Amino acid sequence: LAKKNILIIPPTISANDLQMTKRDADHNWWSPHYGVIRLTDYLNNNGHNAEYFDSVVQLLTKEDDFEKKLKEKKWDIIGFSFLNATLISDIENIYLAKKICPDATLVAGGFEAQFNYQTILDKTPCKIVVFAEGEKPLLMLANEVPLGDIPGIVFRNNAVPLSDEDYMDISECIGWEKIPYEQYWDLYLEKLGDGLSEEKKDAIHTARIFTTNRCPFKCKYCSTINQHPHATGGDASIVRLQNDYLIDLVLRIKKAHPRLRTIYFTDDDFCYHKSKVIDFCKRVASLKLDIKFLCQTRITDLNEEVIMWLKKANFRQLNIGIESFSQNVLSEIDKKCPK
């Protein structure tokens, strides 16, 4: 195994607390970080190149050289020790390390990391938290032992975003012919009895289709847009069913369930790609299907051409959300939509 360059960072006092720390140092005996030293020496004695950054000495004697230390060499593993009192500055250190050393494996340990590990995994680029003593887990990590075989750690295993091909393969597995739509439809027909109207029949005899995996916009308040980036640790792309498949799917559902009256596209925003929705509508209009359509969309997606083709394709209802008439609120939630 290759020798790993490992850097250990003790809990770091924030710049805001520096003056207090200097005054405190005049009345207390400060000493080296025994636990960090023990950890680095253990790793060195077992074949790796481990160093630590003494944040207290740096703060008490001269300018903070943490950034310079990060740039000193290519670090394979960077470990951070957390305390409750230093949590904010320790998190800031992790983000700085990720920026300067993007390929390094970031590891957190210490009391605060152990008892608040979910915050560390959710709020920082660090994907591994060590419980209790860190010597053996860090050595096993440096020795490239699989994460699942290392005791005393929790780690985040990011999801892999779906590709268009993946989404198509998964969608094709749906057994539309076996979905018991009729049971649901009959329940509502019986429930409404003599109160049925043609409009209600259209609403009852509906099948839902998702054509995309999520919303393309990034409103700050919404969990939908944040789910995939949070799960994958990055910006997951939007995947979409192609129109050829979508047309065939509509025909397939209608054939399997002749009583079908309405298709509801329940995507967060069916019309965000104007050219694709117009192409879909043109194909549907040419087929003269005895089917109505519903969808969710945004007012900013709609222009005269889109609305014209939606009408020709027999879209009977567009669900459009209006979160606020205040531009300040729209700007605050990053709605990207004028009032």
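These are my notebook entries on a predicted model, ordered by topic.

**Entry: the sheet**

I began with the strands. I found an open sheet of six strands, in the order β2-β1-β3-β4-β5-β6, with mixed pairing. I noted β2 (49-52) and β6 (153-155) as the edge strands, since each of them pairs on one side only. I then looked up the turn between neighbouring strands of this sheet, which is 20° on average, direction ignored.

I took one pair of strands in more detail. Strand β4 (residues 105-109) and strand β5 (residues 128-130) run parallel and are joined by two bridges. Within this pair, I found A108 opposite V129 in β5.

**Entry: helices across the sheet**

Which strands does helix α2 lie across? I recorded that α2 (residues 34-45) lies across β1 (5-9) and β2, and that the helix runs at about 165° to β2. I recorded helix α5 (residues 87-100) as well, which lies across β1, β3 (77-81) and β4. The angle between α5 and β3 is about 170°.

**Entry: salt bridges**

I counted 15 salt bridges in the structure. I examined three of them, beginning with K69 and E51. Their side chains meet in a salt bridge with an N to O distance of 2.7 Å. The pair links distant parts of the chain, with K69 in helix α4 (residues 66-70) and E51 in strand β2, 18 residues apart. Are K69 and E51 buried or exposed? I found that both K69 and E51 are buried.

Next I looked up D244 and R283. Their closest N and O atoms are 2.2 Å apart in a salt bridge. This pair also links distant parts of the chain: D244 belongs to helix α13 and R283 to helix α14, 39 residues apart. I noted D244 as partly exposed, with a relative accessible area of 49%. R283 counts as partly exposed too, at 29% relative accessibility.

The third pair was R261 and E198, a salt bridge whose closest N and O atoms are 3.0 Å apart. I placed R261 in the loop between α13 (243-256) and β8 (262-265), and E198 in helix α11 (residues 198-204); the two are 63 residues apart and link distant parts of the chain. R261 counts as partly exposed at 26% relative accessibility. E198 counts as partly exposed at 48%. Which residues are joined into one network by salt bridges that share partners? I listed E198, K201, D202, R261 and K292.

**Entry: a buried threonine**

I turned to T211, whose place is in the loop between β7 (206-209) and α12 (223-232). Why does T211 count as buried? Its relative accessibility is 1%, and the cut-off for buried is under 20%, so T211 falls in that class. Leaving aside residues up to four places away in sequence, I found that T211 touches Y167, V239, R240, L241, L246, F265, D267 and F270.

**Entry: nonpolar residues at the surface**

I looked up a nonpolar patch on the surface and found that I299, I320, I322 and F325 form it. Together these residues have about 440 Å² of accessible area. One of them, I320, has its place in strand β10 (residues 315-320). I320 is partly exposed, at a relative accessible area of 33%.

I also recorded F115, which lies in helix α6 (residues 111-115). Why is F115 classed as exposed? Its relative accessible area is 65%, and exposed requires over 50%, so F115 meets the cut-off. I then looked up the separation of F115 and E182. They are 67 residues apart in sequence, and 51 Å apart in space from C-alpha to C-alpha.

**Entry: positive phi values**

Most residues other than glycine have a negative phi. I therefore noted two residues by name for this angle, each a residue other than glycine with a positive value. K288 has a phi near 50°. I located K288 in the loop between α14 (274-287) and β9 (292-297). K288 counts as exposed, at 73% relative accessibility.

N314 has a phi near 75°. I located N314 in the loop between α15 (304-312) and β10. N314 is partly exposed, with a relative accessible area of 32%.

Conventions:
Residues are numbered from 1 along each chain as its sequence is written. This is a predicted model: local features need pLDDT of at least 70, side-chain atom pairs count only at pLDDT 80 or more; totals for chains, interfaces and linings use all residues. Side-chain values use heavy atoms; hydrogens and water are left out. Two strands pair if DSSP finds at least two bridges between them. Helices (H or I, at least four residues) and strands (E, at least two) are DSSP runs, numbered from the N terminus. Axes are lines fitted to C-alpha atoms, for helices over the stretch in contact, and angles run from 0 to 180 degrees between N-to-C directions. Contact means heavy atoms within 4.5 Å. Patches are made of residues with over 30% relative accessible area and no salt bridge: like charges are joined within 9 Å, nonpolar side chains (Val, Leu, Ile, Met, Phe, Trp, Tyr) within 5 Å. Accessible areas come from the Shrake-Rupley method with a 1.4 Å probe; for residues, only the protein chains shown count as cover. A salt bridge is a side-chain nitrogen of Lys or Arg within 4 Å of a carboxyl oxygen of Asp or Glu. Buried means under 20% relative accessible area, exposed over 50%, partly exposed in between (1.4 Å probe, protein chains only).
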